[in-house]
Amino acid sequence: MDKQARIQELKREKNAVILAHYYVDEDVQQCADYIGDSFYLAKIATKVDAERIIFAGVEFMGESAKLLNPQKRVFMPDATADCPMAHMTDVEEIEKVRKEHPDIAVVCYVNSTAEVKAHSDVCVTSSNAVKIVKNLPNPTIYFIPDANLGNFIRKQVPEKEIITNRGFCPRHVAITMDDMLRAKEMHPNAKVAAHPECTEDVLKEADYVGSTSGIIDYVVNTEGDEFIVATVDGVFPKIKEQAPGKKLYRVIDPQVCVNMKKVTLDKVIDVLENETNEITLDEEIAKKAVLPLERMLELAK
Ligand code: SF4
């Protein structure tokens with residue numbers, strides 16, 4: 001039996017669904033029941049009725065699924081698949097800023113630990129961050145942990161003061177301005193779509209800046225045959241499925257998130273068979289950490 005067939009069999013046996021982020025490899029996306037960006041997957045996690053969720057992604061995504069579904073069992077195919085950015089801030093830093101700015105709203109990117117979420121006012125993803133920040137009553141926002149996304153929000157919501165820390169995505173900041181200029185020179189007719197985790201100078205060169213889902217929609221629905229895509233390669237299969245005629249170019253080759261890459265079909269089979277790598281959370285932290293996630297789902301409606 002091939003691996004895909006074995007996974008489908010195990011899913012039925014174990015009453016499990018697989019949620020996969022766009023950044024995991026194409027073969028892993030193919031075994032999933034739902035594929036999407038962090039926001040879509042967070043919403044889906046509240047709707048699935050299977051007993052077990054296998055989260056083909058990185059740790060904070062599995063944690064968010066567990067926070068939103070404490071009664072379900074959530075498993076990670078690779079326990080070491082973690083987002084480095086999620087650890088680029090901590091509670092101490094948040095409390096220090098709160099002391100300096102008592103009326104601030106702490107807005108935390110979903111790429112964060114449960115502990116950081118527990119000390120934040122609201123979570124956001126890159127697809128709803130601008131909308132949520134705009135609609136918060138607070139004039140000053142502490143946005144953590146991605147400084148680049150924070151800078152992007154600052155430009156879109158100039159009426160608010162946005163304070164950021166120094167977090168970043170190692171994958172997206174590896175795409176430099178020089179790389180981008182070279183790609184544009186090689187493909188002068190291509191439009192550019194970039195993720196807001198890229199640095200400000202790279203984003204200046206983009207025709208469109210948005211979340212992974214936003215990038216997919218932009219490329220699929222925008223006139224033109226050629227596109228330079230500045231994010232992780234995992235978005236390419238979905239674009240090719242929906243717009244097979246379009247030519248897609250990377251800025252650097254490859255554009256891979258090493259942690260998402262750790263998720264393989266063999267590990268999905270293993271986690272289904274052996275029920276290892278289950279997400280467990282401290283109850284007190286979980287009770288607080290779910291609130292900003294629920295607030296995000298409400299405010300993003
Ligand atoms: S692409 Fe960047 S932000 Fe996304 S999971 Fe990988 S390291 Fe984290």
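The paragraphs below go through two sheets, a pair of helices and two single residues of a predicted model.

Start with the sheet built from strands β6, β5, β7 and β8, in that order. This sheet is open, and its four strands pair in parallel. In general, strands of a sheet pair through backbone hydrogen bonds, and the pairing can be parallel or antiparallel. At the edges are β6 (122-124) and β8 (161-164), each of which pairs on one side only. Ignoring direction, neighbouring strands of this sheet are turned against each other by 30 degrees on average. Inside the sheet, β5 and strand β7 (residues 140-144) run parallel and are joined by four bridges. Within this pair, Ala105 stands opposite Ile141 in β7.

Helices pack on this sheet as well. Helix α5 (residues 91-100) touches β5 and β7, and its direction makes about 170 degrees with that of β7. Helix α8 (residues 147-156) touches β5, β7 and β8, and its direction makes about 175 degrees with that of β8.

Thr113 can be found just after one of these strands, in the loop between β5 (105-109) and α6 (114-118). Is Thr113 buried or exposed? Its relative accessibility is 18%, and residues under 20% count as buried, so Thr113 is buried. The side chain of Thr113 reaches the backbone nitrogen of Val116 at 3.1 Å. Leaving out residues up to four places away in sequence, Thr113 touches Glu63, Ala86 and His87.

The next sheet is also made of four strands, here in the order β10-β9-β11-β12. It is open, with parallel pairing. Its edge strands, β10 (208-209) and β12 (247-250), each pair on one side only. Strand β11 (residues 226-230) is joined to β12 by four bridges, and the two run parallel. Two of the opposing pairs can be picked out here: Val229 stands opposite Arg250 in β12, while Glu226 has Lys247 of β12 as its bridge partner. β11 also pairs with β9 in the parallel sense, over four bridges. There, Ala193 stands opposite Val229 in β11. Val229 therefore has a facing residue in β9 and another in β12. Four of the five residues of β11 are buried, so the strand is largely enclosed by the rest of the structure.

Helix α10 (residues 177-186) packs on this sheet and touches β9 (191-194), β11 and β12; its direction makes about 170 degrees with that of β11. Helix α12 (residues 212-221) lies across β9, β10, β11 and β12, and runs at about 165 degrees to β9.

Helices also meet each other. The axes of α4 (residues 59-68) and α15 (residues 283-299) come within 9 Å and cross at roughly 95 degrees. That angle makes α4 roughly perpendicular to α15. On the α4 side, the contact is made by Ser64, Leu67 and Leu68. On the α15 side, it is made by Ala286, Ala289, Val290, Leu293, Glu294 and Leu297. By class, seven residues of this contact are nonpolar, one is polar and one is charged.

The last stop is Cys31, in the loop between α2 (26-30) and β2 (34-36). Cys31 counts as buried because its relative accessibility is 0%. Which residues does Cys31 contact, leaving aside its neighbours within four places in sequence? They are Gln4, Ile7, Gln8, Lys11, Ile18, Leu265 and Val268. Leu19 is twelve residues from Cys31 along the chain, and the C-alpha atoms of the two are separated by 9.2 Å.

Notes: Residues numbered from 1 in each chain as written. Predicted model: local features only at pLDDT ≥ 70, side-chain atom pairs only at ≥ 80, totals over all residues. Heavy atoms only, no water. Buried < 20%, exposed > 50% of the residue type's maximum accessible area, 1.4 Å probe, protein only. Contact = heavy atoms within 4.5 Å. Polar contact = N/O pair within 3.5 Å; in protein donor to acceptor, adjacent residues only side chain to side chain. Pairing = 2+ DSSP bridges. Axes fitted to C-alpha atoms, helices over the stretch in contact; angles between N-to-C directions. Parallel < 35°, antiparallel > 145°, perpendicular 65-115°, else oblique. Nonpolar A, V, L, I, M, F, W, Y, C, P; charged D, E, K, R; others polar.
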